[in-house]
Amino acid sequence: MYQDHEFMQAALLQAKKSLSEGGIPIGSVLVINNQIVARGHNQRVQKNSAILHAEMDCLENAGRLTAAQYQKSTLYSTLSPCAMCSGTSLLYCIPRIVVGENVTFQGPEEYLKSQGIEVRVLNDSQCIDLMTQFIEQQPKLWNEDIGV
């Protein structure tokens, strides 16, 4: 049985860490066999990076994994993954993505599903509230993060 809410709380802690560092509050964890193997948070601001979304940071922190390990993993993200992060999940054949919320932003979830990835959206109120407040307070930074 998946412990989706527990792992989403770990991703939410990463989102709050990013916010406390002056970054965008999105967090992610990678889970294999019900164990967190990597954590990450959006670090575009902190590291002046074009690509360090939470999911990308998390996968980078996982290091080199085998194809078999990726194929047993679940990627948790507090926000619906964008096209870049979704594409990376497809590249490494991550079979399951759990999304904290897709109210404030929705990535290509239907495309992921069409490619055989299980996508579960929790619409967690904490994730929604965190992003809603951030977008209201930092609209310019948010638009930069999503390429608007």
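Start with the whole chain and its contacts (heavy atoms within 4.5 Å): of those with a separation of 6 or more, 54% are between residues 24 or more positions apart. What you have open is a predicted model, in which local features need pLDDT of at least 70 and side-chain atom pairs count only at pLDDT 80 or more, while totals for chains, interfaces and linings use all residues. Residues are numbered from 1 along each chain as its sequence is written, and side-chain values use heavy atoms, leaving out hydrogens and water.

Now switch to a cartoon view. You should find seven helices and five strands, which are DSSP runs numbered from the N terminus (helices H or I, at least four residues; strands E, at least two). Followed from the N terminus, the order is α-β-β-α-α-β-α-β-α-β-α-α. Half-hidden residues are easy to come by here: 50% of the 148 residues count as buried, meaning under 20% relative accessible area, with exposed over 50% and partly exposed in between (1.4 Å probe, protein chains only).

Next, select Arg 120 and Asp 4. They form a salt bridge, with the closest N and O atoms 2.5 Å apart; the term stands for a side-chain nitrogen of Lys or Arg within 4 Å of a carboxyl oxygen of Asp or Glu. Arg 120 sits in strand E5 (residues 118-121) and Asp 4 in helix H1 (residues 4-20), 116 residues apart. Asp 4 is buried at 3% relative accessible area, whereas Arg 120 is partly exposed at 35%.

Add Glu 118 and Arg 96 to the selection. Their side chains also meet in a salt bridge, 3.1 Å from N to O. Glu 118 is in strand E5 and Arg 96 in strand E4 (residues 96-99), so this pair ties together parts 22 residues apart in sequence. With Asp 4 and Arg 120, these two residues are linked in a network of salt bridges.

Move on to Arg 44 and Glu 144, another salt bridge, at 3.5 Å between the closest N and O atoms. Arg 44 is in the loop between strand E2 (35-41) and H2, and Glu 144 is in helix H7 (residues 139-145), so parts 100 residues apart in sequence are tied together.

Finish at Asp 57 in helix H2 (residues 54-62). Which side chain of opposite charge is nearest to Asp 57? Pick Lys 47: it is 5.1 Å away, and the buried Asp 57 has no salt bridge. Then select His 41, whose backbone nitrogen lies 3.0 Å from a polar atom of the Asp 57 side chain.

How values were computed: Lys, Arg positive; Asp, Glu negative; His and termini not counted. Polar contact = N/O pair within 3.5 Å; in protein donor to acceptor, adjacent residues only side chain to side chain.
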